[in-house]
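Colleague: I'd like to learn how to read a fold from its strands, helices and contacts. Could you walk me through one?

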Amino acid sequence: MEAEPLRVWNALTDPDMLAAWWQPGMVLEPRVGGKFSEPWTDNNGGAQLATGIVTAVVPNEFIQFTWKERTWSDAEETVCWFRLRPGDKCGTS
């Protein structure tokens, strides 16, 4: 499905829309210092939790956040980001 950048932004940052496509309980607060949290279940049925902090935001265009699993060491962390640009036709790239 093609969607314009604003619609994709809303799907990432509106709590109800985010829960509908990613999963319930997912949090991504669209402000620097905002919370990222994703509860999930591993292959053994164990409850897991990924957490992080939003480190950069350009509304309707870009969001970046850290990602850390609770089973990772203190030194382990990754950075995730979404950059939204109008696509060649009517979608987002």
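Modeller: Happily; we will go from the sheet to the core and then to a few individual residues. Keep in mind that this is a predicted model.

Colleague: Let's begin with the sheet. In what order do the strands of the open sheet lie?

Modeller: The five strands follow the order β1-β2-β3-β4-β5, and the pairing is antiparallel. At the edges sit β1 and β5, each of which pairs on one side only.

Colleague: How many bridges hold β2 and β3 together?

Modeller: Seven bridges link β2 (residues 35-41) to β3 (residues 47-58), in the antiparallel sense. To see the register, take F36: its bridge partner in β3 is G52. The two strands form a hairpin with five residues between them, and G45 in that turn has a positive phi of about 85 degrees.

Colleague: And what about β3 and β4, how many bridges are there?

Modeller: Here β3 pairs with β4 (residues 62-69) over six bridges, again in the antiparallel sense. V54 has F65 as its bridge partner in β4, and V57 stands opposite I63. This is a hairpin too, with three residues between the strands.

Colleague: Which residue in that turn has a positive phi?

Modeller: That is N60, in the loop between β3 and β4. Its phi is about 70 degrees, although N60 is not a glycine. With a relative accessible area of 34%, N60 is partly exposed.

Colleague: Following the sheet onward, how many bridges join β4 to β5?

Modeller: Six bridges join them, and the two strands run antiparallel. F65 is a handy residue to follow across the sheet: in β5 its bridge partner is C80, while V54 in β3 is paired with F65 as well.

Colleague: Is β4 largely enclosed or largely open to the outside, and why?

Modeller: A useful general idea comes first: in a regular strand, side chains alternate between the two faces of the sheet. As for β4, seven of its eight residues are buried, so the strand is largely enclosed by the rest of the structure.

Colleague: Now the helix. Which residues of α1 are buried?

Modeller: The general idea is that an α-helix has 3.6 residues a turn, so residues three or four places apart point the same way. In α1 (residues 5-13), the buried residues are P5, W9, A11, L12 and T13. Their cover includes α2 (15-21), β1 (27-28), β3, β4 and β5 (78-83).

Colleague: Which residues make up the largest nonpolar core?

Modeller: There are 12: W9, L12, L18, M26, L28, F36, A50, V54, I63, F65, W67 and L84. At least two residues of this core come from each of α1, β3 and β4. The largest share, three residues, is supplied by β4. For a view from the helix side, pick L12: leaving out residues up to four places away in sequence, L12 touches L18, W21, L28, F82 and L84.

Colleague: How should I read a charged residue such as D42, and what is the nearest side chain of opposite charge?

Modeller: Check its burial, then look for partners. D42 lies in the loop between β2 and β3. D42 is buried yet has no salt bridge, and the nearest side chain of opposite charge, R70, is 8.3 Å away. There are other polar partners to look at, though: the D42 side chain reaches the backbone nitrogen of G46 at 2.7 Å. The D42 side chain also makes a polar contact with the side chain of Q48, at 3.0 Å.

Colleague: One last residue: where does P30 lie, and what does P30 touch?

Modeller: You will find P30 in the loop between β1 and β2. At 37% relative accessibility, P30 counts as partly exposed. Not counting residues up to four places away in sequence, P30 touches W9, T13, V57 and I63. For P30 and T13, 17 residues apart along the chain, the C-alpha atoms are separated by 6.0 Å.

Colleague: Thanks, I'll trace those contacts on screen!

Notes. Residues are numbered from 1 along each chain as its sequence is written. This is a predicted model: local features need pLDDT of at least 70, side-chain atom pairs count only at pLDDT 80 or more; totals for chains, interfaces and linings use all residues. Side-chain values use heavy atoms; hydrogens and water are left out. Two strands pair if DSSP finds at least two bridges between them. Helices (H or I, at least four residues) and strands (E, at least two) are DSSP runs, numbered from the N terminus. Buried means under 20% relative accessible area, exposed over 50%, partly exposed in between (1.4 Å probe, protein chains only). Contact means heavy atoms within 4.5 Å. A nonpolar core is a set of buried Ala, Val, Leu, Ile, Met, Phe, Trp, Tyr and Cys residues joined through side-chain atoms within 4.5 Å. Lys and Arg count as positive and Asp and Glu as negative; His and the chain ends are not counted. A salt bridge is a side-chain nitrogen of Lys or Arg within 4 Å of a carboxyl oxygen of Asp or Glu. A polar contact is a pair of N or O atoms within 3.5 Å; within protein, one must be able to donate a hydrogen and the other to accept it, and residues adjacent in sequence count only if both atoms are side-chain atoms.
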